[in-house]
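Reader: Could you take me closely through a single part of this model, the barrel and what lies around it, and set that part in the context of the whole chain? I would prefer one connected account to a list.

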Amino acid sequence: MNERITAAFADVPVCASVVGTAKVGDFANSASRVGILAAVPVGQLAKIVPVLTGLKKILFVNIDSCPGLATDRGGVDFLQEIGATGVVSTRVAPIERARTVSMLTMHKVFVTDRSNLNRSLEAVKRSRPDLVELMPAPIIPWMSAQAREVMSPFVAAGFVTDRSGVAHSLAMGALGAASSDSGLWSLTRSQLSAGEK
């Protein structure tokens, strides 16, 4: 397990899922130290990424979802050049490339049924990512302990809309929970433990 990622989730166990540019400022001002940037046009990435990483954020860019950004070696190299901390993809190849240029890696996995789960487990075994984004979060209790172990460390994503969703994700073995709800981006483990509002 990557110590840098573990340390980043130590206090705030929420990964900010930043879709588009509207909530970039919210992430910048939040206590969350880990974020996934998605659906940002390639022309804007070079402006946004250095700002967020300059704030000591661990910033993964979803290479599959940014308009104009190739999902090949060149796309990964571009992200590395502009200072992105890591790459998120549903595909093995970009993750393998990112690892060769010393970037952090996150394999995004959608579990829709048992056969899909088996394919996803094989893909994660091949890609050997630093972190798995496991979706949707409500499916996790239905996965075997063995499957969760292969996917670990993972962040639970999809349908994490409130503090109980974050708490449930952690109880299921997640290192953290990813959410696009900016109201959760400063939620601390101590607040969860205390049941604070």
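**The barrel and its surroundings**

Author: The secondary structure of the protein consists of nine helices and eight strands. With 197 residues, the protein has a radius of gyration of 16 Å, close to the 16 Å given by the globule rule, so it is as compact as a globular protein of that length. This is a predicted model, and everything that follows should be read in that light. The C-alpha trace spans about 40 × 40 × 25 Å along its principal axes, and 51% of the 197 residues count as buried. Among contacts between residues at least 6 apart in sequence, 54% join residues at least 24 apart. The accessible surface comes to about 9,100 Å², and 52% of it belongs to carbon and sulfur atoms.

The part to look at closely is a closed barrel of eight strands, which runs β1-β2-β3-β4-β5-β6-β7-β8 with parallel pairing. Neighbouring strands of this sheet are turned against each other by 25 degrees on average, direction ignored.

A good place to begin is the closure of the barrel. Strand β1 (residues 14-19) is joined to β8 by three bridges, and the two run parallel; within this pairing, Val14 has Ala177 of β8 as its bridge partner. On the other side, strand β7 (residues 154-157) pairs with β8 in the parallel sense, again over three bridges, and here Ala156 is the residue that stands opposite Ala177. Ala177 is thus named in both pairings, as the partner of Val14 and as the residue facing Ala156. In a regular strand the side chains alternate between the two faces of the sheet. In strand β8 (residues 176-179), Gly176 and Ala178 point one way while Ala177 and Ser179 point the other way, and all of them are buried.

Further round the barrel, strand β4 (residues 86-89) and strand β5 (residues 104-110) pair in the parallel sense over four bridges, with Ser89 standing opposite His107 in β5. Helix α6 (residues 114-127) lies across β5 and β6 (131-135), and its direction makes an angle of about 170 degrees with that of β5.

Strand β3 (residues 58-62) contains Asn62, which has a relative accessibility of 6% and therefore counts as buried, the cut-off being under 20%. The side chain of Asn62 reaches the backbone nitrogen of Asp64 at 2.9 Å. Leaving aside neighbours within four places in sequence, Asn62 is in contact with Ile36, Leu37, Ala38, Val88 and Lys108; of these, Val88 falls in the range of β4 and Lys108 in that of β5.

Helix α4 (residues 73-81) shows how a helix is covered in this arrangement, its buried residues being Gly75, Val76, Asp77 and Leu79. What covers them includes α3 (42-54), β3, β4 and α5 (92-100), so that both helices and strands of the barrel are among the cover. At the start of α4, a side-chain oxygen of Asp72 reaches to within 3.1 Å of the backbone nitrogen of Gly74, and just after the helix Gly83 takes a positive phi of about 100 degrees.

The loops that lead into and out of the strands hold several backbone features. In the loop between α3 and β3, Leu55 is partly exposed, with a relative accessible area of 43%. Lys56, found in the loop between α3 and β3, has a positive phi of about 70 degrees although it is not a glycine, and with a relative accessible area of 67% it is exposed. Phe159, in the loop between β7 and α8 (163-171), likewise has a positive phi, near 70 degrees, in a residue other than glycine, and at 67% relative accessibility Phe159 counts as exposed.

Two cis peptide bonds complete the picture. The bond from Met135 to Pro136 is cis, with omega near -15 degrees, and Pro136 is found in the loop between β6 and α7 (145-151). The bond from Ser152 to Pro153 is also cis, with omega near -5 degrees, and Pro153 is found in the loop between α7 and β7.

How values were computed. Residues are numbered from 1 along each chain as its sequence is written. This is a predicted model: local features need pLDDT of at least 70, side-chain atom pairs count only at pLDDT 80 or more; totals for chains, interfaces and linings use all residues. Side-chain values use heavy atoms; hydrogens and water are left out. Two strands pair if DSSP finds at least two bridges between them. Axes are lines fitted to C-alpha atoms, for helices over the stretch in contact, and angles run from 0 to 180 degrees between N-to-C directions. Contact means heavy atoms within 4.5 Å. Buried means under 20% relative accessible area, exposed over 50%, partly exposed in between (1.4 Å probe, protein chains only). A polar contact is a pair of N or O atoms within 3.5 Å; within protein, one must be able to donate a hydrogen and the other to accept it, and residues adjacent in sequence count only if both atoms are side-chain atoms. The radius of gyration is taken over C-alpha atoms; the globule rule is 2.2 Å times the number of residues to the power 0.38. Accessible areas come from the Shrake-Rupley method with a 1.4 Å probe; for residues, only the protein chains shown count as cover.
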